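Let's take a friendly walk through this protein chain, starting with one helix and then moving out to the whole. Keep the structure open beside you as you read.

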Amino acid sequence: MGNKGKYYLTTAIAYTSGKPHIGNNYEIVLADSIARFKRKEGYDVFFQTGTDEHGQKIELKAEEAGVSPREFVDNVAGIIRGMCDMLNISYDKFIRTTDSDHERQVQKIFRRLYEQGDIYKGSYEGLYCTPCESFWTQSQLVDGKCPDCGREVKPASEEAYFFRMSKYADRLIRHINEHPEFIQPVSRKNEMMNNFLLPGLQDLCVSRTSFKWGVPVDFDDRHVVYVWLDALTNYITGVGYDAEGSSTDQYKKLWPADLHLIGKDIIRFHTIYWPIFLMALGEPLPKQIFGHPWLMMNGGKMSKSKGNVIYVDDLADFFGVDAVRYYMIHEMPFENDGNATWELIAERNNSDLANTLGNLVNRTVSMSNKYFGGVVSDKGAAYTKQDEKADRELKEVAVGTLARAAGRMDELRVADALTEIFALFKRCNKYIDETEPWVLAKDPEKADRLSTVLYNLVEGIVIGASLLEPFMPETAEKIAAQLNTSLRSFDSLGTFGLYPDGNRVTDKPQILFARLDMKEVEKKEDEILAAMRGAEGTKEEPEEDSGAVIDIEAKPEISYEDFGKLQFQVGEIISCEAVPKSKKLLCSQVKIGSQVKQIVSGIKAHYSPEEMVGKKVMVLVNLKPAKLAGVLSEGMLLCAEDGEGNLALMKPEREMPAGAEIA
C-alpha cells in the first residue's frame with residue numbers, strides 16, 4: 001500500500017505494583033494488533049509501551065516485601081516485559097519511568113513549568129487514595145470512598161506544588177469541541193466535559209513530601225514529582241523530547257502521537273491533565289485518545305482481593321498464545337465491557353478456531369493431498385452457472401475483506417475487523433459445502449473442476465491468513481507454512497489468483513487448534529485457582545480455631561412475635577469519627593437503603609475511624625434513638641465478643657447491598 005507516513009501509537013504504561021492479570025494485558029494485545037495492521041497498510045509505525053514505577057504504593061509494597069523500591073520495580077517490570085514478549089507484542093520501545101533519561105526530563109519539565117508560573121508552592125489538605133495516588137475532596141467521594149476505585153481514602157495534609165489547571169481549561173474545551181475525534185468513544189468525551197471540565201477544574205497537586213520513591217524536584221529536594229506528571233510525560237520523553245529545546249529528530253518526526261490507547265478508568269488523566277501539560281509546554285496535542293472498556297470476569301472487575309483474577313500466562317500455557325489473543329480481541333465490544341472466563345475462552349476455541357478456521361485448513365490440505373498428491377492447480381474449470389456463481393461469490397468476499405477490515409480498524413472497532421476476516425473463512429467453508437469436492441472426486445471427468453475448487457480454497461485461505469497476521473501472527477505463519485507459501489502484503493490482497501499454479505502443499509497437515517473437552521478445561525481452572533489460594537489465600541484468611549468455644553449466660557426465651565419486632569438490615573459505613581471526650585465511642589454515619597443513620601458504638605478500642613469507613617455491617621435499625629455522651633444514636637451495630645473482650649463487627653458472608661434485610 002506504499003509508505004503512508006508515520007504512525008505513533010502508545011499504551012498506558014503498566015503500574016509495577018504486581019503481576020498484571022488478563023484485564024491489564026488486553027490493552028497491549030489490542031495495541032499490538034493495531035500496530036501490526038498499520039505496518040501492513042504501509043505506515044512507518046512506532047509502538048511504545050512500558051512501566052510506571054514510582055509512587056507511594058510502590059514504596060509501601062517494597063517495604064512489605066523487605067526489598068528496596070528499585071529491587072521491587074526491577075522484578076515486576078521484568079515480569080511485565082516478559083508477559084509482553086510471551087504474547088508476541090511487537091513494541092518498538094519499552095520505557096521505564098526509572099530510566100535515567102526519562103527522570104532527567106521530568107525534572108526539566110517540572111522546573112520549566114515552575115519558572116513560567118504554571119506550578120506554584122502551597123499546601124494540601126484532603127482525602128488521599130493510595131492505590132490511585134489521588135487526592136479528593138469530601139464532595140467528590142462516592143459513598144465515602146474513592147470515586148475511581150471504590151477503596152477507602154484517608155485524611156492527608158502536606159506541603160505540595162500545584163499546577164494551575166484552570167488557566168488552560170477554556171482552551172482545552174475549545175480543542176475538544178473543534179476536534180470531535182480527539183476523545184473516543186463519544187461517551188468518554190461527554191463524561192469528561194460534563195463531569196470535570198464544564199463544572200470547573202481545581203488546581204492539581206503535582207508533588208509529594210510524604211514519601212521518597214519518586215523523581216526528586218531538583219530545586220526543592222524535600223519534594224518528589226507526583227506520579228501523574230511523571231508517568232504521562234513518558235509519551236514524549238520516550239521518543240526524544242527535551243524541555244530545554246534540544247528535542248531529537250525522532251521526536252520531531254513522531255510527535256504528536258496518532259493514538260493513545262488507554263483504559264477507561266484513566267481517561268480523565270489523559271484527556272484533561274495530559275493535554276493541559278502539553279499546552280503549557282507549547283507542544284501539540286495527541287491526535288486521538290481512545291478509552292477502551294474493561295475485560296471483566298463473570299461481569300465483575302478483576303481484582304486479586306476479590307479472588308477473581310485470570311492470568312494470561314496460565315491461559316496461554318493451556319490454550320496457546322494466539323487463542324488467548326483471539327479471545328481478548330474478538331470478545332471486547334467497542335464501548336461496553338467484555339467478559340472472560342475459562343469456559344468462554346474454551347467455547348470460542350472450539351467454535352471459531354478449531355471448527356471454522358482449523359478444520360477449514362486441515363480439510364483443504366488433506367483433500368489436496370488425497371486427490372492430487374498435494375499439487376494445487378487452477379484449471380479455470382466451471383461447468384455450470386452454479387459453479388460460476390459459487391466461484392464469483394467466494395472471490396468477491398476474498399478480495400473485499402481487506403477494505404471491510406481496514407474500515408473497521410480506522411474506526412478502532414478492532415473486534416469487528418477480526419469478525420470480517422473470519423467471515424471470509426466461513427465463506428470458504430460454505431464454498432466446500434456448495435461444491436462438494438468429495439462428490440467431484442468420484443467422477444474423473446470432473447477432475448479439473450475439483451482442482452479449481454481446491455485452488456480457490458487455498459487462495460482464499462492465503463488471503464485470510466495474510467489479513468489474520470496482525471491479530472494471530474503465529475497462526476498465520478503456520479497456515480502459510482502448511483500451504484507452502486508466504487503471507488502477503490496488503491497491497492496484493494485485492495487480486496485473487498496469486499497462489500503459484502502447480503505449487504505443492506505440505507503432505508503432513510498439522511492441527512492448528514484442537515477441540516477441548518470442557519471437563520478438562522474446568523479441571524485445569526480448578527487446579528490453578530487452588531494453587532493461587534495456596535499461595536495467597538492463607539496469608540489473608542487464617543483458619544479459625546474450630547476448638548474455641550464460649551458459653552454465655554442464657555437470657556429469657558422470647559417468642560417469634562417478640563423477634564419479629566426487631567428490624568435488622570445491612571448497612572454501609574460511609575464516614576466515622578471519634579466522639580469527643582470519650583475513650584470508647586465512635587460515631588458512624590451508616591447508609592441503609594436510601595437513608596443514612598447516625599450510630600454511636602463503644603468499639604473505639606477495637607477499630608479506628610479510618611478502618612470503619614467502607615465496611616458493610618449488620619445493623620439493628622429500629623432501636624429507639626438515645627444519646628450517648630451527648631451524641632444521638634439511631635441504631636446499633638452488631639458485634640461478636642470473645643472471652644477476652646475482643647470485639648468483631650458482624651459482616652455479611654457475601655457482598656450484599658446496603659439496606660438488604662437480615663431475616
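In helix H4, the buried residues are His102, Gln105, Val106, Gln107, Lys108, Ile109, Phe110 and Leu113. Here, buried means under 20% relative accessible area, exposed means over 50%, and partly exposed lies in between (1.4 Å probe, protein chains only). Helices (H or I, at least four residues) and strands (E, at least two) are DSSP runs, numbered from the N terminus. This is a predicted model, in which local features need pLDDT of at least 70 and side-chain atom pairs count only at pLDDT 80 or more, while totals for chains, interfaces and linings use all residues. Residues are numbered from 1 along each chain as its sequence is written, and side-chain values use heavy atoms, with hydrogens and water left out.

**A closer look at H4**

H4 has 16 residues and spans 23 Å from its first C-alpha to its last, close to the 22 Å expected at 1.5 Å a residue. That expected span is 1.5 Å times one less than the number of residues. After H4 comes Gly117, which has a positive phi near 90 degrees.

Take Gln107, which sits in H4 (residues 100-115). Gln107 counts as buried because its relative accessibility is 16%. Which residues does Gln107 touch, not counting those up to four places away in sequence? They are Val215, Pro216 and Asp218, where a contact means heavy atoms within 4.5 Å.

**Salt bridges**

Side chains of opposite charge can pair when their charged atoms come close. A salt bridge is a side-chain nitrogen of Lys or Arg within 4 Å of a carboxyl oxygen of Asp or Glu. How many salt bridges does a search of the whole structure find? The search finds 39. Here are some of them:

| Pair | N to O distance |
|---|---|
| Lys19 and Asp313 | 2.9 Å |
| Asp118 and Lys167 | 2.9 Å |
| Arg348 and Asp352 | 3.1 Å |

The Lys19 and Asp313 pair links distant parts of the chain, 294 residues apart: Lys19 is in the loop between strand S2 (14-15) and helix H1 (22-41), and Asp313 is in helix H11 (residues 312-319). Lys19 is partly exposed at 31% relative accessibility, and Asp313 is partly exposed at 22%.

Asp118 lies in the loop between H4 and strand S5 (119-129) and Lys167 in helix H5 (residues 166-178), so their salt bridge ties together parts that are 49 residues apart in sequence. Asp118 is buried, with a relative accessible area of 0%, whereas Lys167 is partly exposed at 49%.

Arg348 and Asp352 both belong to helix H13 (residues 342-372), four residues apart, which is about one turn of the helix. Arg348 is partly exposed at 24% relative accessibility, and Asp352 is buried at 9%. Elsewhere, Glu53, Arg70, Asp74 and Arg96 are joined into one network by salt bridges that share partners.

**The surface and the whole chain**

On the surface, Ile558, Phe563 and Leu566 form a nonpolar patch with about 280 Å² of accessible area together. Patches are made of residues with over 30% relative accessible area and no salt bridge, with like charges joined within 9 Å and nonpolar side chains (Val, Leu, Ile, Met, Phe, Trp, Tyr) within 5 Å. Accessible areas come from the Shrake-Rupley method with a 1.4 Å probe, and for residues only the protein chains shown count as cover. Ile558 counts as exposed at 55% relative accessibility.

The chain has 21 helices and 27 strands, and 52% of its 663 residues are buried.
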